[in-house]
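Work through the exercises below with the sequence and the structure in view. Each task is followed by a solution in steps.

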Amino acid sequence: MREIGIYVHVPFCVQKCAYCDFVSYADKIELSQQYIKEVKKEISAKRNEINEEIQVKTIYIGGGTPSYIKSALMVDLINHIRKEFVVKPDAEITIEANPGSITQPKLKDYMSVGINRLSMGLQTTDNKLLNRLGRVHTYNRFLESYLLARQMRNEKCKYRFNDRYTWSNNRNITGYN
Ligand code: SF4
């Protein structure tokens, strides 16, 4: 049986960063519900085009800032993918998040549908540079989100929650590995 990966782009952001070449829009969050509805239609249409048995090995929700939209929409999206496709039990399911855009209820919603990997970027630990880059968060805000994600992962729940962070400065800036 062929294994596939699914990528879904969520093009909404709080504001546009100065260096950003991704397809993403600020101040269009009101379109997010309609957008997810259309994405679900496209997923179903693509599924109907495939005439072979397939399994989903990875799902990657990128952006944009997928964690900016309501987590109920993300739950709806992942459930729809699970309805249309066979998702492997050990599939890696990732969501990109911006520091400051995740909360405990959001993370719980993500985990409830099997999202097991969080990708959160930090371009620099220098707040002045973050500001110049147009980032909406500070280094402290990143640390709060990072620690929240770690705390959630360590809770006694049956879901695994991995963390992976990318940054161009020191890898051990948080003191956590
Ligand atoms: S948060 Fe990411 S996708 Fe959004 S504008 Fe900034 S760099 Fe681009």
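**Exercise 1.** Find how S4 and strand S5 pair, and over how many bridges.

Solution. Step 1: in this predicted model, strand S5 covers residues 86-97. Step 2: S4 and S5 pair in the parallel sense, and six bridges are found between these strands. Step 3: for one pair of residues, take Ile-61, whose bridge partner in S5 is Ile-95.

**Exercise 2.** State the handedness of the β-α-β unit that S4, H2 and S5 make.

Solution. Step 1: strand S4 spans 54-63 and helix H2 spans 71-84. Step 2: view the unit with the strands pointing away; a clockwise path from the first strand over the helix to the second counts as right-handed. Step 3: the unit of S4, H2 and S5 is right-handed.

**Exercise 3.** Go from S5 to strand S6 and give the sense and the number of bridges.

Solution. Step 1: S6 consists of residues 117-122. Step 2: S5 and S6 run parallel and are joined by four bridges. Step 3: Glu-96 has Ser-119 in S6 as its bridge partner.

**Exercise 4.** Locate the cis peptide bond at Gly-64 and name the residues that it joins.

Solution. Step 1: the general background is that most peptide bonds are trans. Step 2: the bond between Gly-63 and Gly-64 is cis, with omega about 20°. Step 3: Gly-64 lies in the loop between strand S4 and helix H2. Step 4: Gly-63 and Gly-64 are also among the residues that surround the ligand.

**Exercise 5.** Describe the backbone and the surroundings of Asp-27: is this residue buried or exposed?

Solution. Step 1: Asp-27 sits in the loop between strand S3 (25-26) and helix H1 (32-49). Step 2: its phi is near 60°, a positive value in a residue other than glycine. Step 3: most residues other than glycine have a negative phi. Step 4: Asp-27 is exposed because it has 11 C-beta neighbours inside 10 Å, and 12 or fewer count as exposed.

**Exercise 6.** List the residues around the ligand and sort the shell by class.

Solution. Step 1: the surrounding residues are Cys-13, Lys-16, Cys-17, Cys-20, Phe-22, Ser-24, Gly-63, Gly-64, Thr-65 and Asn-98. Step 2: by class, the shell has four nonpolar, five polar and one charged residues.

**Exercise 7.** Summarise the protein chain by its elements and its contacts.

Solution. Step 1: the chain has five helices and seven strands. Step 2: from the N terminus, their order is β-β-β-α-β-α-β-α-β-α-α-β. Step 3: of the 177 residues, 24% are buried. Step 4: among contacts with a separation of 6 or more, 76% are between residues 24 or more positions apart.

Methods: Residues are numbered from 1 along each chain as its sequence is written. This is a predicted model: local features need pLDDT of at least 70, side-chain atom pairs count only at pLDDT 80 or more; totals for chains, interfaces and linings use all residues. Helices (H or I, at least four residues) and strands (E, at least two) are DSSP runs, numbered from the N terminus. A residue is buried if 20 or more other C-beta atoms lie within 10 Å of its own, exposed if 12 or fewer, and partly exposed in between; C-beta atoms are placed from the backbone. Two strands pair if DSSP finds at least two bridges between them. A residue is near a molecule or strand if its C-beta atom, placed from the backbone, lies within 6 Å of it. Ala, Val, Leu, Ile, Met, Phe, Trp, Tyr, Cys and Pro count as nonpolar, Asp, Glu, Lys and Arg as charged, and the others, Gly among them, as polar. Two residues are in contact if their C-beta atoms, placed from the backbone, lie within 7 Å.
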